[in-house]
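Let's take a walk through this protein, from the overall fold down to a handful of residues. Keep the viewer open as you read.

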Amino acid sequence: MARSGPGSFRFQGRRRVRLVILVVLLFLAAAFSGSQVVASGRAAAATTLLSQGKPATASSTENSGTPASAAVDGNTATRWSSAFSDPQWIQVDLGTTATISQVVLTWEAAYASGFQIQTSADAASWTTIYSTTAGTGGTQTLNVTGTGRYVRMYGTVRATGWGYSLWEFQVYGTAGGGTCGPANAAQGKAASASSTENAGTPASAAVDGNTTTRWSSAFSDPQWLRVDLGSSQPICQVVLTWETAYAKAYQIQTSQDAVAWTTIYSTTNGAGNTEALNVTGTGRYVRMNGTVRGTAYGYSLWEFGILTGTGTVPPPTCPWVGSTAPVSQRVSQLVAAMTQAQKIQMLHGTGNTSPYVGDVPAIPSLCIPALNLQDGPQGVGDGLPNVTQLPAPVAAASTWDTTLENQYGAVQGAEFAGKGVNVALGPTVNIVRDPRWGRAFETFSEDPYLAGQIAAANIQGIQSQGVLAQVKHAAVYNQETNRNNPADNAIVSNQTLQEIYLPAFAAAITQGGAASAMCSYSTVNGTYACENPYLLNTALYQQDAFTGFVTSDWGATHSTVASANAGMTMEMPGSSFFGTSLSQAVTAGTVTQATLDTMVSRVLTQMFRFGLFDKAPTGSTGAVVTTQAHVTTARQVAEEGTVLLKNSGSLLPLSTATTHSIAVLGNDGGAGVQTSGGGSAGVTSSGTVSPLTGITNRAGSGVTVSYEAAPDSAGITRAVNLAKSSDVAIVFANYSESEGGDLSSIDLPGNQNQLISSVAAANPKTIVVLNTGSAVTMPWLGQVAGVFENWYSGQETGNAVAALLFGDVNPSGKLPVTFPASLADVPAHTTAQWPGANNQVQYSEGVHVGYRWYDSQNITPLYPFGYGLSYTSFGFSNLQVGALSGGTATVSATVTNTGTRTGSEVVQLYVGDPASTGEPPKQLKGFNRLTLTAGQSQTVQFTVSSHDLAHWADSSGGWTTPSGTYQIFVGDSSRNLPLTGSITAP
């Protein structure tokens, strides 16, 4: 939010000094005159702060981070700033005519020396109630006299070279008398409409008090819905609860006879969702007259609420807002004030997929804000523009860098917040059981420890920005084939669940502090995941002490009673099971009132925890949220996450002193580069740098860079000829992954293997860059000089790969998954295991997933888990293993950069249980990434706990650590562990 010019942080200190001086002067004046002193920024007695949280508009805004609303949100750390010109204004709509007695302007450094305070009844004709040409900046408390619904600061002369900038614009006074509501005068009254979509969407459905039934019109303009109140009444508020099909332009009109209509509210900027409109009018009939639809469908209202009375709407009495009481007390207070219908409303979505993929509407009468949910794990998804396309999560996991992953999460959180999102649907932590999984790119690893540590760091980053993270998908969701179908029925032991498929969720909750979780499409041991008490109640809520809420994946709810009683909290995207059906189940006692209250409390607890009740909503789907800093983070993750798999003859890094011509080959080397997977994790790039562009820019004018996409056999011939005439050939190849479908093979599709082999035969200095979501076979590996696994590395892919090729960045990525030589070697190598047969998917490999399988079966992989080369080299020495004391032992080792250049290494610690336990030969239990200059040594230290040595025993239903000797291995991959020692468990 900073800009060049006066420093806002520095200015706050000056403002505090001015404030102290002003208060002292006012106090002295009062002492001599006997008049009452009103401290700066506070209203006089018998007046009310009228402006906070009200709609605000301005003549201009400096950028999307300085909207008009920021000056009336009560937050002195956010501000409205205008363009750098005169005049400029900011105005607030108080909702009704009020008597204005005081205005407080809390200026940022850019203040007005000349300005007026003006009021208006209609925002068209203005009356000046204060004027000055000697504005002082700081905090100005202006005692004024005036009336109006609209109040504005109209700046005419800037005191600086910048625009006008207000931390807060506060208007104090007395609102018009009388009361409004609180009863909905429309409920149950006679309603009619211009048309109905079908018999199931009558006009009466919008006034029945049931938020799961709706009126919908025909697909044309105009359309109207009217209510007969039975007698002429003063109308003071209309509440429109829209379904997805909303009105962009409409009027609220009243009439005495349903013939002659008076417009009391009109807009051409309808926003959909829930709109609470403060109005003034009288009539027996009230209607919404829609003139421009916001979608291609008709008009559709869940509810059309009308409040009557003689004055303005009093603010709701919500003592839980702004309270300093403990969260649990605030939750209990609110739950006690809720009706059953309001509780049910908190537990399902509206079915809307726009403007957000999921939403829970606000309940204004209880000051409950809306919850907006949005994909995804690689950044703000669902096609929203002006966001940063970060590298895929698998690329982030390949950094083995929790500090950078925390930064990755903070970028996500900032952009979600800027788009108005409250709940980010991610990270995905499901285990890569098989490289054919279509969503392998959007999760982290085949190893539960690595996945859990990366997830915890990511969640902490997201939630540091005030956005709730939703870790997904609990649990045993490892294939797209037959998903959300009983045929995808994972037959898996509790030991395998506890050791492989649940630990990452535990780390996300206990270390990351995840606010919410999503249950999966899977069926686990015959029970859908979203109604599986072992996965939800036992694993999450009991074992992990989870205090958050569980949302269903979209359409993954299959029951009401079983889901609620198993621990699922919220249905998405609609209310098929947690709407009327849940209300009926509570009435029948099949879901207890206590269970319902617990479900609601879990949602409210996180909303209070993240301050959603105490701050005005911010952000919008149209905001530009990508920044240069975010793009820089994306590039760093791409650089650190790319894995150097082969560097024969030290061809890499390239040097412009010896390399004068480069052939960039393959469709993936140009504008068609694969930078993101598909489905809900897909993110729209705000500006992709292709490999061709990145390499050309980095190589400079002294190097000729040529390109051939090689789409067919003729293209391969051209590529071969280009390779022959170039010093170096770089072939870019890919396969595409997406939610909704699995791969049938992990071979490169099309003619890509042929392209690589043909080019390598023509030029021995051939480098292959792979953009894949998981493991890939390499039949040409012996022919090429170099191989990079670049994953799907986001919009900065070209700059990142160029920096790695030329050695501006030393490769440091490590594989988070094993690369098998062929599919015949993978753990789930039978049809019964993948994709399953006879409506079952046998997880018969048990805990032997990923490298655990290859180690236990003595299968040599193409590349092992944890593997990755560098342009320097590292040595390991001096292993020290302490004894268990108090349930922990300390392990240390020395790492030395034995090469000639600075580089980063990931030190990995594995534990091997006694053979009698039946556990895999070794399992990752610690890692530490460090950067060393040439010749530098550093000692790294790990803490190994008794739990790290334990395994799950189904016979006893818990963790056990048998007495015996446990092996300790330290090195740089699962197959290169030069340091060994042991720990004895008593």
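One cut-off before we start: a residue counts as exposed when its relative accessible area is over 50%, as buried when that area is under 20%, and as partly exposed in between. Bear in mind, too, that this is a predicted model.

Put that to work on helix 11, which runs over residues 580-588. T587 and A588 are exposed on one side of this helix, while L582, A585 and V586 are buried. Those three buried residues cover an arc of only 100° around the axis, so they sit on the same side of helix 11. What covers them? The cover includes helix 3 (340-345), helix 10 (561-566) and helix 12 (593-609). Right after helix 11 comes G589, with a positive phi near 85°.

Now zoom out. The protein chain has 19 helices and 40 strands. Its radius of gyration is 32 Å, close to the 30 Å that the globule rule gives for 986 residues, so the chain is as compact as a globular protein of that length. The C-alpha trace spans about 85 × 70 × 65 Å along its principal axes. Of the 986 residues, 57% count as buried. If you take contacts between residues at least 6 apart in sequence, 75% of them join residues at least 24 apart.

On the outside, the accessible surface comes to about 34700 Å², and carbon and sulfur atoms account for 51% of that. As for charge, there are 43 positive and 56 negative side chains, with the centres of the two sets 10 Å apart.

Next, pick out three buried residues. H473 belongs to strand 19 (residues 468-474) and has 0% relative accessibility, so it counts as buried. Beyond its sequence neighbours up to four places away, H473 touches T428, N430, R439, E442, F505, M518, S520 and D553.

Y851 is in helix 18 (residues 851-856), and with a relative accessible area of 1% Y851 is buried as well. Setting aside residues up to four places away in sequence, the contacts of Y851 include E446, D447, F865, Y910 and S974. The C-alpha atoms of Y851 and P827 are 9.3 Å apart, with their positions 24 residues apart along the chain.

V239, in strand 11 (residues 223-242), counts as buried at 18% relative accessibility. Its C-alpha is separated by 6.0 Å from that of F304, 65 residues away along the chain. F304 is also one of the residues in contact with V239, and E303, G305 and T274 are among the others.

Finally, some backbone oddities. Most residues other than glycine have a negative phi, and most peptide bonds are trans. Where does this model depart from that? The peptide bond from D86 to P87 is cis, with omega near -15°, and P87 lies in the loop between strand 3 (80-81) and strand 4 (88-107). The bond from L652 to P653 is cis too, with omega near 0°; look for P653 in the loop between strand 25 (643-647) and strand 26 (661-665).

For positive phi, try W400, near 50°, in the loop between helix 4 (393-397) and helix 5 (402-418). W400 counts as buried at 1% relative accessibility. N878 has a positive phi near 55°, but N878 is found in strand 32 (residues 874-881) and is partly exposed, with a relative accessible area of 45%.

Key:
Residues are numbered from 1 along each chain as its sequence is written. This is a predicted model: local features need pLDDT of at least 70, side-chain atom pairs count only at pLDDT 80 or more; totals for chains, interfaces and linings use all residues. Side-chain values use heavy atoms; hydrogens and water are left out. Helices (H or I, at least four residues) and strands (E, at least two) are DSSP runs, numbered from the N terminus. The radius of gyration is taken over C-alpha atoms; the globule rule is 2.2 Å times the number of residues to the power 0.38. Buried means under 20% relative accessible area, exposed over 50%, partly exposed in between (1.4 Å probe, protein chains only). Contact means heavy atoms within 4.5 Å. Accessible areas come from the Shrake-Rupley method with a 1.4 Å probe; for residues, only the protein chains shown count as cover. Lys and Arg count as positive and Asp and Glu as negative; His and the chain ends are not counted. The place of a charge is taken as NZ of Lys, CZ of Arg, CG of Asp or CD of Glu. The arc is that of the directions from the helix axis to the C-beta atoms.
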